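Let's take a walk through this one, starting with a piece of sheet and ending at a pocket. Keep the model open as you read.

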Amino acid sequence: MIYTKEIENMCVVQKGPNHGPAPIPEEGKWVKAKDVKDISGYTHGVGWCAPQQGTCKLSLNVKEGVIQECLIETIGCTGMTHSAAMASEILPGKTIIEALNTDLVCDAINTAMRELCLQILYGRTQSAFSENGLAIGAGLEDLGKGLRSQVGTLYGTVAKGTRYLELTEGYITKMFLDKNDQVCGYEYVSLGKVMDAVKAGKDANEAIKEFTGRYGRTTAEQGVVKSIDPRKE
C-alpha cells in the first residue's frame, strides 16, 4: 500500500470505540453484515430502462450471499422477454455483488438488480422477520397455480370509456354493464389453468368452459343490462 509523504509524516492517533455495522434483520435474526456471505433474504422490486419504455419485476432468494432463485417478469419492448431468458440463466449461483456487476442484457433488469441489492443489503426484505427465510421455490408460489405473471392490462378513451383486457384472474372475455352503462362485473378465463388442462389431454373448448369465471354483478337479477366483448365492442 502506498502512502503520500504527508501521511507518512503524521503521528498516529489510536482509534477509540469500535463502531461496527448496525444489525439488520435477516430471516428471523439480527445480523451485523461484514461480508457478502452474511447476507440472506427474499425480496422483489422493479427496474426500468433508460428511455423508460419497459419495466422489470425481479424477485431474488439469496442465501448466504448467493442467489439461489430468481423470478424475472417484464413488460414493455419485445426484446425484454429474451433478455429475461438469458438473465434467468445468469443470476442463479452468483453472489449479489457479482450479479450487481454483471450485464443482465436489459437495462430494466440491471436497474431492478441495483434496487434489489439496496433492499437486501439494508435488510428490507420480505423475509426479514421469517425464521430461516423463505424456501427455494417461493418465486413460483408468487405466480399462483397457473404459473403466470399477475398482469393487468386496461385501456380507456374519453369517447368510449374503459376496456378491461386482462386482470389478475385472467383474460377478460366479457364486461357487464348496468343501466348507467357503468361496469359492474366481468367474465374471465384463467389461461394458465386452461393450458394445464389441455396439456393433460382435456379438450380445449371444455377446458375454457371449466376455467371461465365471473366477478361482480353478472346477471340481470343483479342489475346487468348488457354485456360487451371488450376487444370488439
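Start with strands E9 and E10, the latter covering residues 212-216: the two run antiparallel and are joined by 5 bridges. If you want a spot to anchor your view, look at Gly185, whose bridge partner in E10 is Gly216. Bear in mind that this is a predicted model.

Now look at what else E9 pairs with. Strand E8, residues 170-177, is linked to E9 by 6 bridges, and this pair is antiparallel too. Here a handy marker is Tyr171, which has Val189 of E9 as its bridge partner. E8 and E9 form a hairpin with 5 residues between the strands, and in that hairpin Asp181 adopts a positive phi near 60°.

So E9 has E8 as a partner through 6 bridges and E10 through 5. How many of the residues of E9 are buried? The count is 6 of the 7 in residues 183-189, so the strand is largely enclosed by the rest of the structure. Buried here means under 20% relative accessible area.

From there, move on to the largest pocket, which holds about 260 Å³ of space. It is lined by 18 residues, and those closest to the pocket centre are Arg148, Gln150, Thr168, Glu169 and Ser190. Two elements give two or more residues to the lining: strand E7 (161-167) and helix H6 (191-199). H6 gives the most, with 3 residues. As for chemistry, the lining is a mix of 8 polar, 5 charged and 5 nonpolar residues.

Note on methods: Residues are numbered from 1 along each chain as its sequence is written. This is a predicted model: local features need pLDDT of at least 70, side-chain atom pairs count only at pLDDT 80 or more; totals for chains, interfaces and linings use all residues. Side-chain values use heavy atoms; hydrogens and water are left out. Buried means under 20% relative accessible area, exposed over 50%, partly exposed in between (1.4 Å probe, protein chains only). Helices (H or I, at least four residues) and strands (E, at least two) are DSSP runs, numbered from the N terminus. Two strands pair if DSSP finds at least two bridges between them. On a 1 Å grid over the protein atoms alone, a cavity is a set of points where a 1.4 Å probe fits but cannot get out, and a pocket is an open set with protein on both sides within 12 Å along at least five of seven lines; lining residues have an atom within 4 Å of a point. Grid points are joined across faces, edges and corners, and a volume is the space filled by probe spheres set on the points. Ala, Val, Leu, Ile, Met, Phe, Trp, Tyr, Cys and Pro count as nonpolar, Asp, Glu, Lys and Arg as charged, and the others, Gly among them, as polar.
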